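Visitor: I should like to discuss this structure with attention to its charged side chains. Please show it before we begin.

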Amino acid sequence: MLYSLLRPALFLLDPEPAHAMSIAALKLLPGGAQAAGPLATTVAGLAFPNPLGMAAGYDKDGEVPDALLGLGFGFAEVGSVTPLPQAGNPRPRLFRLTQDRAVINRMGFNNGGAEAAIARLAQRAGRLGIVGINVGANKDSPDRVADYATMVRLMAPLASYLAINISSPNTPGLRALQDEGALAALLDAVLAARGASGPPIFLKVAPDLEPGDIDAIARIAMDKRIDALIVSNTTTSRPPLRSRHAQEIGGLSGAPLHDLALGRLRTFRKATGGAMPLVGVGGIASAAQAWQRIRAGASLVQLYSAITYEGPGIARRIVTGLERLMKRDGFAAIAEAVGSE
């Protein structure tokens with residue numbers, strides 16, 4: 001209720017300063033991991049207290065992962081972090097599509113770089129809670145595969161899991177790494193850099209894929225024994241939109257992404273035969289939508305844009321709602337419901 005009163009004033013601000021204010025506010029909160037409850041689930045060997053996570057992009061530099069956990073999220077994914085600091089694309093580069101409950105961004109992997117992130121995340125050593133680190137490549141890197149390998153090697157000691165982001169639409173040529181030959185070489189380099197005892201590897205893919213691409217990605221990911229697929233990133237497609245920023249260049253997220261992301265999740269579930277955990281992302285703003293994604297095959301779900309419109313209480317509302325829905329439908333555990341539609 002408080003956020004609904006504050007939101008009109010916040011929306012008078014440019015989105016990027018408003019986002020910085022939200023990070024500053026979270027720094028004032030004590031934070032801390034959630035206790036395991038009825039929604040506890042194990043994915044890739046990690047014990048999640050509940051299946052709802054904050055997606056990458058919100059906490060790019062790993063400033064507030066524990067505060068996010070304190071809001072009720074079962075896990076937080078920070079980044080994307082690149083080897084070197086990167087300013088990102090010119091401003092303006094972040095747009096609210098209020099009428100559509102959506103966001104378009106063309107941030108371009110803006111972050112303070114690996115060295116700063118390592119120093120910050122090392123301070124939480126020994127704390128409870130699952131914190132994934134999403135890694136990317138620098139825009140002007142002459143060898144992006146080497147960038148990913150470097151990031152995996154550097155971040156592995158600090159990460160509960162590592163998310164390999166090759167699906168941002170805002171770094172030119174990055175999505176080409178989803179092509180069959182390039183993806184196999186990338187994953188070989190990433191797995192070698194992680195070593196035998198490193199954290200699980202999740203691969204984040206785009207929603208804008210052809211059926212043949214999906215089959216190839218699924219096959220390679222299973223062949224390489226990747227631990228999970230995150231489905232999906234933002235979309236470059238443009239469904240019908242009403243807001244004045246509808247034609248801005250960049251990745252679209254929020255409510256208009258819902259149907260596309262749900263469809264891609266179902267397609268990847270079919271392509272993997274249920275043999276690989278999937279993380280459902282895109283357009284989730286309610287417990288019913290999170291539950292639908294789980295029933296469609298997601299072992300975990302994430303959100304980001306919805307917090308802009310619903311406020312920081314969204315995590316606890318969704319978790320409470322998921323408990324109710326799981327009980328209503330007669331499941332004793334989240335794992336039983338995955339793919340049960």
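Visitor: Is D329 buried, partly exposed or exposed?
Guide: The model is a predicted one. Buried means under 20% relative accessible area and exposed means over 50%. D329 has 28% relative accessibility, so D329 counts as partly exposed.

Visitor: Which residue forms a salt bridge with D329?
Guide: D329 lies in the loop between α11 (314-328) and α12. The partner is in helix α9 (residues 287-295), 34 residues apart from D329, and the pair links distant parts of the chain. With the closest N and O atoms 3.1 Å apart, the salt bridge of D329 is formed with R295.

Visitor: How many salt bridges are there in the model?
Guide: A salt bridge requires a side-chain nitrogen of Lys or Arg within 4 Å of a carboxyl oxygen of Asp or Glu. By this rule the count is 16.

Visitor: How many residues apart in sequence are the parts tied together by R106 and E248?
Guide: The side chains of R106 and E248 meet in a salt bridge of 3.0 Å, N to O. R106 lies in the loop between β6 (102-105) and α4 (114-121), and E248 in the loop between β10 (228-231) and β11 (251-254), so the parts that the pair ties together are apart in sequence by 142 residues.

Visitor: Is E341, the salt-bridge partner of R266, buried or exposed?
Guide: The closest N and O atoms of R266 and E341 are 2.9 Å apart. R266 is in helix α8 (residues 258-272) and E341 in the segment after α12 (334-337), 75 residues apart. R266 is partly exposed at a relative accessible area of 34%. E341 has 53% relative accessibility and therefore counts as exposed.

Visitor: Which residues are linked with E16 in a network of salt bridges?
Guide: E16 belongs to a network of salt bridges. The residues linked with E16 there are R91 and R93.

Visitor: Which residues form a negative surface patch with D213?
Guide: D213 is found in helix α7 (residues 211-223). Patches are made of residues with over 30% relative accessible area and no salt bridge. D213 is partly exposed, with a relative accessible area of 33%. The other members of its negative patch are D179, E210 and D215.

Visitor: Leaving aside neighbours within four places in sequence, with which residues is T171 in contact?
Guide: T171 is found in the loop between β8 (161-165) and α6 (180-194). Its relative accessible area is 3%, so T171 is buried. Beyond those sequence neighbours, T171 is in contact with F109, K139 and R144.

Technical notes:
Residues are numbered from 1 along each chain as its sequence is written. This is a predicted model: local features need pLDDT of at least 70, side-chain atom pairs count only at pLDDT 80 or more; totals for chains, interfaces and linings use all residues. Side-chain values use heavy atoms; hydrogens and water are left out. Patches are made of residues with over 30% relative accessible area and no salt bridge: like charges are joined within 9 Å, nonpolar side chains (Val, Leu, Ile, Met, Phe, Trp, Tyr) within 5 Å. Accessible areas come from the Shrake-Rupley method with a 1.4 Å probe; for residues, only the protein chains shown count as cover. Lys and Arg count as positive and Asp and Glu as negative; His and the chain ends are not counted. The place of a charge is taken as NZ of Lys, CZ of Arg, CG of Asp or CD of Glu. Helices (H or I, at least four residues) and strands (E, at least two) are DSSP runs, numbered from the N terminus. Buried means under 20% relative accessible area, exposed over 50%, partly exposed in between (1.4 Å probe, protein chains only). Contact means heavy atoms within 4.5 Å.
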